[in-house]
Amino acid sequence: MKYRVLIGKPGLDGHDRGAKFIARALRDAGFEVIYTGIRRTPAEIAAAAVQEDVAAVGLSSMSGAHLRLFPAVVDALAQAGADDIPVLGGGIIPAEDVETMRKAGIREIFTPGTPVDTIIAAFTEACKMQRDRENNEG
Amino acid sequence: MKGDPTVDRLLRHLHGGDPRALARAITLVEDQQPEAAGLLAGLDQKRIEDVLVLGLTGPPGAGKSTLTGALITALRKQKYRVGIIAIDPSSPISGGALLGDRIRMMEHALDWEVVVRSMATRGRLGGLCASAGAAARIMAASGCRVVILETVGIGQSEMDIVRLADLTALVLAPGFGDDIQAMKAGILEVADLLVVNKADQPGAGKLQLEMATVFTDPKEREERICATVANEGTGVAILLDRIFTLEGEFRSNGQLHARRKRSFQLETLDWAVEIVKADLREKLQTTTFTSTEPRQAAMELVKGFGKRI
């Protein structure tokens, strides 16, 4: 089973090295990664996630707007009828924001310094859960 | 399986144009799930007959994705629903892939009448044709008037993909020199239309002249070569016009029918190989060969094979 994931950057933030690094790391771990590039709106990311039938969405933010933008992607997915697709996020995110983000429906938050293996494992687990549930529901 | 309630529901939703059902259906086929057969058999045949599968191929950097984006804009002006299958290679080492063609089509990201699907080659020689062909039909059944198959078109499996299309346009740009020389042998022969993209760049005129030598008939030379500047939309309306004219010709002269028949055979063979391969692999593990020479061992392996299916 191949897992398809989307890596995207919502909002006005051009710092994409982190996102590209994760995209490549996931590719090298055998994932099919749909990379949607910088400066996307949450609705654009959600639409791409639906059309590409990804099992998880990964978001990166370096601009400090994660508290607004990450939950906005979760909402946009729900609006597109895809609230079952898990959202994971990372970037320059202060430790005190992690709990808030989790409560807003972000499955995992990766702060600076997280080992890449941890991130890959989290994506694998998130994808597995999403696909299993989808197959059970049919 | 016919009558499978899950498949029936999926079919109903995808025929209604539901984006999730459509995407899910393509995944089922791509992952070769057991439901795929019943699903594909239940697709609206009339819509599949009416769709135009347009192959868009050319070297990396020629502007295929940008041109695809411009063609989408032109097609949406005519109120057509459009499907795009963008094929990129998988890494032969990890099996993973980085698929970024969508970035050049983001202008249409919020338009649900534009269905974009990225597909990785998944490192297989076969199987890709079957997946891409099926995906094109699923998109057609969901109401797409045109499905664009975008691929680099170099190498055998990608050439096969090109041959799935009803009509193929080769996208070139000035400054590729040797690459184009290398392509001449294979791809130029299957291209119905030649698009000189980035026509505002130096060398475009020369490239157009070179391309003119591909067609011997002066009328074809006139009608089969188009110049575009995809990022500005220049020449795209004319290109689309020519595409539809050619489609009309191919439909009336039997060419389209002949090509569909050929791609049917191609896909059928592809599926057959995929089905057989799994069985062969299994038998390979349990067989003790009398020969140490692979060619002879292969004969032993396939002996009496047909009975196993």
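# Exercises on a predicted two-chain model

In strand 3 of chain B, B:Leu99 is the bridge partner of A:Ile34. The model in which this pair occurs is a predicted one.

**Exercise 1. In which sense do strand 2 of chain A and strand 3 of chain B pair, and over how many bridges?**

Solution. Start from the pair A:Ile34 and B:Leu99, which are bridge partners. The strands concerned are strand 2 of chain A and strand 3 of chain B, the latter covering residues 97-99. Their pairing is parallel and runs over three bridges.

**Exercise 2. Describe the side of chain A that touches chain B: how many residues does it hold, and which element gives the most?**

Solution. First, count the residues: the contact takes 27 from chain A and 27 from chain B. Secondly, identify the elements of chain A that supply two or more residues: these are helix 1 (17-28), strand 2 (32-35) and helix 2 (42-51). Thirdly, find the main contributor, which is helix 2 of chain A with six residues. Finally, sort the residues on this side of chain A by character: 13 are nonpolar, six are polar and eight are charged.

**Exercise 3. In what order do the elements of chain A run, and why is chain A described as being as compact as a globular protein of its length?**

Solution. Chain A contains five helices and five strands. Read from the N terminus, their order is β-α-β-α-β-α-β-α-β-α. For 138 residues the globule rule gives 14 Å, and the radius of gyration of chain A is close to this at 13 Å, so chain A is as compact as a globular protein of that length. Along the principal axes, its C-alpha atoms fill a box of roughly 40 × 30 × 25 Å. Of the 138 residues of chain A, 50% count as buried. Among contacts in chain A between residues at least 6 apart in sequence, 73% join residues at least 24 apart.

**Exercise 4. Give the content of chain B in helices and strands, and state how its domains are assigned.**

Solution. Chain B has 14 helices and eight strands. The domain assignment divides chain B into domain 1 (1-42), domain 2 (44-259) and domain 3 (268-308). Taken over C-alpha atoms, the centres of domain 1 and domain 3 of chain B lie 31 Å apart. Of the 309 residues of chain B, 42% count as buried.

**Exercise 5. Which residues touch the most other members of the largest nonpolar core?**

Solution. This core has 127 residues, and those touching the most other members are A:Val5, A:Val73 and B:Leu149. Helix 6 of chain B (residues 128-141) gives the most to the core, namely eleven residues. Domain 1 (1-42) and domain 2 (44-259) of chain B each supply at least three residues. As a worked case, take A:Val73: leaving aside residues up to four places away in sequence, A:Val73 touches A:Pro10, A:Pro42, A:Ile45, A:Ala46, A:Val57, A:Leu59 and A:Val87.

**Exercise 6. Consider A:Arg39 and B:Lys198. Is each buried or partly exposed?**

Solution. Begin with A:Arg39, which is placed in the loop between strand 2 and helix 2 of chain A. Its phi is positive, near 60°, in a residue other than glycine. A:Arg39 has 15 C-beta neighbours inside 10 Å and therefore counts as partly exposed.

Turn next to B:Lys198, in the loop between strand 7 (193-196) and helix 10 (204-212) of chain B. B:Lys198 is not a glycine, yet it has a positive phi of about 55°. The cut-off for a buried residue is 20 or more other C-beta atoms within 10 Å. B:Lys198 has 25 such atoms, so it is buried.

Terms used:
Residues are numbered from 1 along each chain as its sequence is written. Chains are lettered from A and ligands numbered from 1 in the order in which they are written. This is a predicted model: local features need pLDDT of at least 70, side-chain atom pairs count only at pLDDT 80 or more; totals for chains, interfaces and linings use all residues. Domain bounds come from an automatic or database domain assignment. Helices (H or I, at least four residues) and strands (E, at least two) are DSSP runs, numbered from the N terminus. The radius of gyration is taken over C-alpha atoms; the globule rule is 2.2 Å times the number of residues to the power 0.38. A residue is buried if 20 or more other C-beta atoms lie within 10 Å of its own, exposed if 12 or fewer, and partly exposed in between; C-beta atoms are placed from the backbone. Two residues are in contact if their C-beta atoms, placed from the backbone, lie within 7 Å. Ala, Val, Leu, Ile, Met, Phe, Trp, Tyr, Cys and Pro count as nonpolar, Asp, Glu, Lys and Arg as charged, and the others, Gly among them, as polar. Two strands pair if DSSP finds at least two bridges between them. A nonpolar core is a set of buried Ala, Val, Leu, Ile, Met, Phe, Trp, Tyr and Cys residues joined through C-beta atoms within 7 Å.
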